[in-house]
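Please open the model in a viewer and keep the sequence panel at hand. The tour below proceeds by selection, with a short account of what each selection contains.

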Amino acid sequence: MQRLDPRLLATLEAVVRHGSFNAAARELGYSAPAVSQQIAELERRTGLRVLERRPVRATAAGEVLLDAEQGVRSALAAAAMELDAMRAGTAGRIRLGAFASAATSIVPQALAQLHTTYPQVQVSLSQVEPEAGYSRLKRGDMDLALSYDYDFIPMPPPRTLHRTLIARDPVVAVVPADHHLAARDVIDLASLASETWIAAPEAALRLELLAQIAKTPGFQARLEYEGDDFNTVLGFVAAGLCVAVMPQLALPRSISRVVARPLAEPELTRFIYAVRIDTRHAPRALLALEEMLTAQALAPVA
């Protein structure tokens, strides 16, 4: 097999990620025929088919090359970060990713503090869920990401990433203010099994998991909402249409017509992490931002 060119691997990665030669060409600044020629050259060098064309997806050989491309990107991203650290890391740009509830609660004050401490550092923010954040970190498209998992659904990061626990975020029950359980100090998850629930796969815990955790059948979704906006879920609850559970951090600082109560049994927790490429050294401003995000995550709600 002839020597592989990292540029050809990058083209393969873009085609597979987009599922389209044209979209990959737009991202890479090539023409679509040029992208097609590069894939053909990669297949000539390997002697194997690396793509299925309809639909566009990697073959087994292509998956091997994608793993190699990911390794190259991760190594270059780690090297760039360490070089930034050697240059003191007090200027430049930090590309930050955060899931929705962290982006609206933890991030703003931390970035304000960073701007005061390191005014020459520019920060860009992208809203990303954990899996997408991990992928962008590994590709070198992001420098730091806020991520999460739950105690009953652990999601370890890829081995090339360094993850630091910055906060424990309790999961709470939210019910309408006039609900018959609203007067309780704590709410047992099983007592909500027969209530009307909202199915919001991007913004709420899956009901089949809640049934398993509570060891109680009966959790059924009678409303459906597709999205990642907890405020929309709370709107349904406030209207008296349903109940829900959500991480405490996702609750707005002031809510009306909704009561949030700790779960009595079982207690559920969302763990919040700061994640970056695993390197021996990291830029000073990046480490400072990680500390500032931690401080905001631990700060009491006003």
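Against which helices and which strand do the buried residues of H2 pack? The model is a predicted one, and the tour begins at this helix.

**Helix H2 and its ends**

Select residues 21-28, which form helix H2. Its buried residues are Phe21, Ala23, Ala24 and Ala25. These residues pack against helix H1 (6-18), helix H3 (32-46) and strand E1 (51-52).

Next, add Ser20, which caps the N-terminal end of H2. A side-chain oxygen of Ser20 lies 3.2 Å from the backbone nitrogen of Asn22. At the other side of the selection, H2 is followed by Gly29, whose phi is positive, near 80 degrees.

**The crossing of H1 and H3**

Display H1 and H3 together. Two packed helices are described by the angle between their axes and the distance between the axes. The axes of H1 and H3 come within 9 Å and cross at roughly 120 degrees, and the crossing is left-handed. On the H1 side, the contact is made by Arg7, Leu8, Leu9, Thr11, Leu12 and Val15; H3 contributes Val35, Gln38, Ile39, Glu41, Leu42 and Arg45. Coloured by class, the residues of this contact divide into seven nonpolar, two polar and three charged.

**Salt bridges**

The structure holds 14 salt bridges. Begin with Glu41, one of the H3 residues in the contact with H1. The side chain of Glu41 meets that of Arg44 in a salt bridge, with an N to O distance of 2.7 Å. Both residues lie in helix H3, three residues apart, or about one turn of the helix. An α-helix has 3.6 residues a turn, so residues three or four places apart point the same way. Glu41 counts as partly exposed at 24% relative accessibility, and Arg44 is also partly exposed, with a relative accessible area of 48%.

Move to helix H4 (residues 60-86) and select Glu69 and Arg73, which are four residues apart there, about one turn of the helix. Their side chains form a salt bridge at 2.3 Å, N to O. Glu69 has a relative accessible area of 4%, and is therefore buried. Extend the selection to Glu13, Arg17 and Glu27: with Glu69 and Arg73, these residues are linked in a network of salt bridges.

Now select Asp169 and Arg270, whose side chains meet in a salt bridge of 2.9 Å, N to O. Asp169 lies in strand E6 (residues 161-176) and Arg270 in strand E11 (residues 269-277), so the pair ties together parts that are 101 residues apart in sequence. Both Asp169 and Arg270 are buried.

**Backbone features in loops**

The final stops concern backbone torsions. Most residues other than glycine have a negative phi, and most peptide bonds are trans.

- Select Arg54 and Pro55: a cis peptide bond joins them, with omega about -10 degrees. Pro55 is placed in the loop between E1 and strand E2 (57-58).
- Select Lys215, in the loop between helix H8 (207-214) and strand E8 (220-224). Its phi is positive, near 55 degrees. Lys215 is exposed, with a relative accessible area of 75%.
- Select Arg257, in the loop between strand E9 (244-247) and strand E10 (258-262). Its phi is positive, near 65 degrees. At 56% relative accessibility, Arg257 counts as exposed.

Definitions and conventions. Residues are numbered from 1 along each chain as its sequence is written. This is a predicted model: local features need pLDDT of at least 70, side-chain atom pairs count only at pLDDT 80 or more; totals for chains, interfaces and linings use all residues. Side-chain values use heavy atoms; hydrogens and water are left out. Buried means under 20% relative accessible area, exposed over 50%, partly exposed in between (1.4 Å probe, protein chains only). Helices (H or I, at least four residues) and strands (E, at least two) are DSSP runs, numbered from the N terminus. Contact means heavy atoms within 4.5 Å. A polar contact is a pair of N or O atoms within 3.5 Å; within protein, one must be able to donate a hydrogen and the other to accept it, and residues adjacent in sequence count only if both atoms are side-chain atoms. Axes are lines fitted to C-alpha atoms, for helices over the stretch in contact, and angles run from 0 to 180 degrees between N-to-C directions. A crossing is left-handed if the near helix is turned anticlockwise from the far one by less than a right angle, and right-handed if clockwise. Ala, Val, Leu, Ile, Met, Phe, Trp, Tyr, Cys and Pro count as nonpolar, Asp, Glu, Lys and Arg as charged, and the others, Gly among them, as polar. A salt bridge is a side-chain nitrogen of Lys or Arg within 4 Å of a carboxyl oxygen of Asp or Glu.
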